[in-house]
Amino acid sequence: MRYFLINGLCTVLLVSACSVVQDGVGTINQPPIVTEAEPAQRLAPKDARTAEQFDTTTVEERSAAEVALPTRNPLIGTTVASLGDPTAGGFWLETPLVDTVQTGSITAKATGKSVALELRPIAGADTAGSRISLAAMRLLEVGLTDLPELDVYKGG
């Protein structure tokens, strides 16, 4: 009996450790293939430890994302943001202030710096916090452990 219990436990652990997951329909879902085309798909090196190493955006992409104060674009709202997944490249803000993925821009109230980025919807009340990309936080010149207050604008 003890043998069957240990054998069963080992089987459960081995199955749960598999990286390929089968959905309920019988097809196998595997991780997407990463290309060098978009910054959101570029992966930081496995040994990355600093913000510079995790930030996979190019000088040109950072320059294009820096914008003047977006006074012509409609203000969607204000949010407090924390650092999102540092391994997810590109310029983005996951926020409950939008219902669909769209272009937008943000301005950090503390620094006055603005960034053009992709606004991504997340569940939550409009007053809930947001998550921001590492690259965007660096352009806003706010600390990576800060919780900056951001004005969020529709359009780029």
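Lysine 109 counts as partly exposed because its relative accessibility is 45%, and in this predicted model its side chain meets that of glutamate 149 in a salt bridge with an N to O distance of 3.9 Å. The pair links distant parts of the chain, with glutamate 149 placed in strand E9 and lysine 109 in the loop between E6 and E7, 40 residues apart. Glutamate 149, at 40% relative accessibility, is likewise partly exposed.

A second salt bridge joins the side chains of glutamate 141 and lysine 113, at 3.7 Å from N to O. Glutamate 141 belongs to the loop between H4 and E9 and lysine 113 to the loop between E6 and E7, so this pair ties together parts that are 28 residues apart in sequence. Glutamate 141 is classed as exposed because its relative accessibility is 54%, whereas lysine 113, at 31%, is partly exposed. The backbone of glutamate 141 is also notable for a positive phi near 60°, in a residue other than glycine.

Glutamate 118 forms a further salt bridge with arginine 120, the closest N and O atoms being 2.6 Å apart, and glutamate 118 is partly exposed at 31% relative accessibility. Lys109, Glu149 and Asp151 are joined into one network by salt bridges that share partners. The search of the whole structure finds five salt bridges.

Strand E9, which carries glutamate 149, spans residues 149-154 and pairs in the antiparallel sense with strand E4 (residues 75-83) over five bridges. In this pairing, leucine 75 has tyrosine 153 of E9 as its bridge partner. Strand E6 (residues 102-108) also runs antiparallel to E9, and five bridges join these two strands; alanine 108 stands opposite leucine 150 in E9.

Leucine 150 recurs in the nonpolar interior. The largest nonpolar core holds 19 residues, of which Leu93, Ile106, Val115, Leu117, Ile132, Leu140 and Leu150 touch the most other members. Two or more residues of this core are given by each of E6, strand E7 (114-121), H4 and E9, and the largest share, five residues, comes from H4. For leucine 117, the contacts beyond four places in sequence are with Phe91, Trp92, Leu93, Gln102, Thr103, Gly104, Ser105, Ile106 and Ala136.

Threonine 95 is located in strand E5 (residues 92-95) and counts as buried because its relative accessibility is 0%. The side chain of threonine 95 reaches the backbone nitrogen of leucine 97 at 3.2 Å. When neighbours within four places in sequence are left aside, threonine 95 is in contact with Thr79, Arg120, Pro121, Ile122 and Ser130; Arg120 is the residue that forms the salt bridge with glutamate 118.

Two loop positions relate parts of the chain that are separated in sequence. Leucine 144 lies in the loop between H4 and E9 and is partly exposed, with a relative accessible area of 32%. Its C-alpha atom is 7.9 Å from that of serine 82, although the two residues are 62 apart in sequence. With neighbours within four places in sequence left aside, leucine 144 is in contact with Ala51, Leu83, Leu134, Met137 and Arg138. Threonine 58, in the loop between helix H2 (51-54) and helix H3 (59-65), is also partly exposed, at 29% relative accessibility. The C-alpha atoms of threonine 58 and glycine 90 are separated by 9.5 Å, with these positions 32 residues apart along the chain.

Confidence varies along the model. The chain averages a pLDDT of 76, and 66% of the residues score at least 70. The highest confidence in the chain is found in strand E8 (residues 130-132), at a mean of 98, and the lowest in strand E2 (residues 28-29), at 38. Over residues 1-6, pLDDT stays under 50 and the model has zero contacts beyond four places in sequence. Over residues 8-37, pLDDT also stays under 50, but here the model has 13 contacts beyond four places in sequence. Where pLDDT is low, the predicted coordinates should not be read in detail.

Conventions. Residues are numbered from 1 along each chain as its sequence is written. This is a predicted model: local features need pLDDT of at least 70, side-chain atom pairs count only at pLDDT 80 or more; totals for chains, interfaces and linings use all residues. Side-chain values use heavy atoms; hydrogens and water are left out. Helices (H or I, at least four residues) and strands (E, at least two) are DSSP runs, numbered from the N terminus. Buried means under 20% relative accessible area, exposed over 50%, partly exposed in between (1.4 Å probe, protein chains only). A polar contact is a pair of N or O atoms within 3.5 Å; within protein, one must be able to donate a hydrogen and the other to accept it, and residues adjacent in sequence count only if both atoms are side-chain atoms. Contact means heavy atoms within 4.5 Å. Two strands pair if DSSP finds at least two bridges between them. pLDDT is the predictor's confidence in each residue, from 0 to 100. A nonpolar core is a set of buried Ala, Val, Leu, Ile, Met, Phe, Trp, Tyr and Cys residues joined through side-chain atoms within 4.5 Å. A salt bridge is a side-chain nitrogen of Lys or Arg within 4 Å of a carboxyl oxygen of Asp or Glu.
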